[in-house]
Amino acid sequence: MENLSKLKKERGYCKAAITRAQNAANQYDKMLTSELLARKDNLLQKYKDYEQLCKEVFIYGDDDDEAIEETECKYYEVLGALDCEIEKRKVKELIQPPSNPPSASAKLPSIEIKPYTARAYQLERSLEDEHNISDFLEFLERRALAMESAEPTTREARSSRTNVNAVTIKQPCFFCECLVHAFRPGSNPRPLSSGRRR
């Protein structure tokens, strides 16, 4: 019986924590997001403990007059209010830019950007003409098409060929020791059956 009364007291404490969280729900808009997250974690743990204690009291077989449904409704109400307030804060953070963007405080060195980037582009274009991005993109497309249609160099052509004719080596057979069998390097010859051996 002492254990049963102890379990009921522990369950009462968890139930009181859920009720306190419900009473504080009207002040959630004044709390920091970190505090709301901590309260949510605490609420989840207290309800988990409450459920476990209710099971243990039930195991003792005592006629319990605990209003579990009422506490469950309080829990879901508080959890919903917490989730709603946390979600509002996340949406606000996504919509509002930060007050001090990191790019405003960063000092980057000045870079001189040249109006042309490739020697071929320089030779093809006149310096008097006005350069723009569409001309450069057109040049790049023509250059890519020219490279695709160009034949590979002789060095690339030689390296891409493979030797189709494999060299055969005359080696004596492991079993009959004749030179009739031809083996390719790296091949795994099959031994003769006992009836065909000399």
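Biologist: Which glycine follows helix 2, and what is its phi?
Modeller: Keep in mind that we're looking at a predicted model. Walk off the end of helix 2 and you meet glycine 61. Its phi is positive, near 80°.

Biologist: Okay, zooming out, how many helices and strands are there in the protein chain?
Modeller: Read along the sequence, the pattern goes α-α-α-α-α-α-α-β-β. Counting them up, the protein chain has 7 helices and 2 strands.

Biologist: Back to helix 2, how far apart are its end C-alpha atoms?
Modeller: Helix 2 has 27 residues, and the usual step is 1.5 Å a residue. The expected span uses one less than the number of residues, so helix 2 should cover 39 Å. The model agrees with that, since the end C-alpha atoms are separated by 39 Å.

Biologist: Are helix 1 and helix 2 roughly parallel or roughly antiparallel to each other?
Modeller: Helix 1 covers residues 2–23 and helix 2 covers residues 33–59, and their axes come within 9 Å. They cross at roughly 150°, in a left-handed way. Angles over 145 degrees count as antiparallel, so this pair is roughly antiparallel.

Biologist: By class, which residues does the contact of helix 1 with helix 2 have?
Modeller: On the helix 1 side, the residues that meet helix 2 include Leu4, Leu7, Tyr13 and Ile18. Helix 2 answers with Leu43, Tyr47, Leu53 and Val57, among others. By class, this contact has 13 nonpolar, no polar and 7 charged residues.

Biologist: What about helix 2 and helix 3, roughly parallel or roughly antiparallel?
Modeller: Their axes are 10 Å apart, and the angle is about 160°. The crossing is left-handed. With the cut-off for antiparallel at over 145 degrees, helix 2 and helix 3 are therefore roughly antiparallel.

Biologist: How do the residues of the contact of helix 2 with helix 3 divide?
Modeller: Among the helix 2 residues in this contact are Leu36, Leu37, Leu44 and Tyr47. They meet helix 3 residues including Ile68, Tyr75, Val78 and Leu82. The contact of helix 2 with helix 3 splits into 13 nonpolar, 2 polar and 6 charged.

Biologist: What covers the buried residues of helix 2?
Modeller: Let's list them: Leu36, Leu43, Lys46, Tyr47, Tyr50, Leu53, Cys54 and Val57 are the buried residues of helix 2. Their cover includes helix 1 and helix 3.

Biologist: Now a charged one: does arginine 11 count as buried or exposed?
Modeller: Arginine 11 lies in helix 1. Beyond its neighbours in sequence, arginine 11 touches Tyr50, Leu53, Cys54, Val57, Asp64 and Glu66. Its relative accessibility is 4%, and the cut-off is under 20%, so arginine 11 counts as buried.

Biologist: How far apart in space are cysteine 14 and aspartate 49, C-alpha to C-alpha?
Modeller: Cysteine 14 is in helix 1, while aspartate 49 is in helix 2. They're 35 residues apart in sequence, yet cysteine 14 touches Asp49, along with Lys46, Tyr50 and Leu53. From C-alpha to C-alpha, the distance is 7.0 Å.

Biologist: What relative accessible area does aspartate 49 have?
Modeller: Partly exposed residues sit between the 20% and 50% cut-offs. Aspartate 49 counts as partly exposed because its relative accessible area is 28%.

Biologist: By what distance are the C-alpha atoms of alanine 16 and lysine 46 separated?
Modeller: Alanine 16 is found in helix 1, and at 29% relative accessibility it counts as partly exposed. Along the chain, alanine 16 and lysine 46 are 30 residues apart. In space, their C-alpha atoms are separated by 9.5 Å.

Biologist: Does threonine 71 count as buried or exposed?
Modeller: Threonine 71 sits in helix 3. Leaving aside neighbours within four places in sequence, threonine 71 is in contact with Lys15, Ile18, Tyr50 and Glu66. Its relative accessibility is 1%, and the limit is under 20%, so threonine 71 counts as buried.

Biologist: Last one: what percentage of the residues of the protein chain count as buried?
Modeller: Among contacts with a separation of 6 or more, 55% join residues 24 or more positions apart. As for burial, out of 198 residues, the buried share is 17%.

Technical notes
Residues numbered from 1 in each chain as written. Predicted model: local features only at pLDDT ≥ 70, side-chain atom pairs only at ≥ 80, totals over all residues. Heavy atoms only, no water. Axes fitted to C-alpha atoms, helices over the stretch in contact; angles between N-to-C directions. Helix = DSSP H or I, 4+ residues; strand = E, 2+ residues; numbered from the N terminus. Parallel < 35°, antiparallel > 145°, perpendicular 65-115°, else oblique. Left-handed = near helix turned anticlockwise from the far one by under 90°. Contact = heavy atoms within 4.5 Å. Nonpolar A, V, L, I, M, F, W, Y, C, P; charged D, E, K, R; others polar. Buried < 20%, exposed > 50% of the residue type's maximum accessible area, 1.4 Å probe, protein only.
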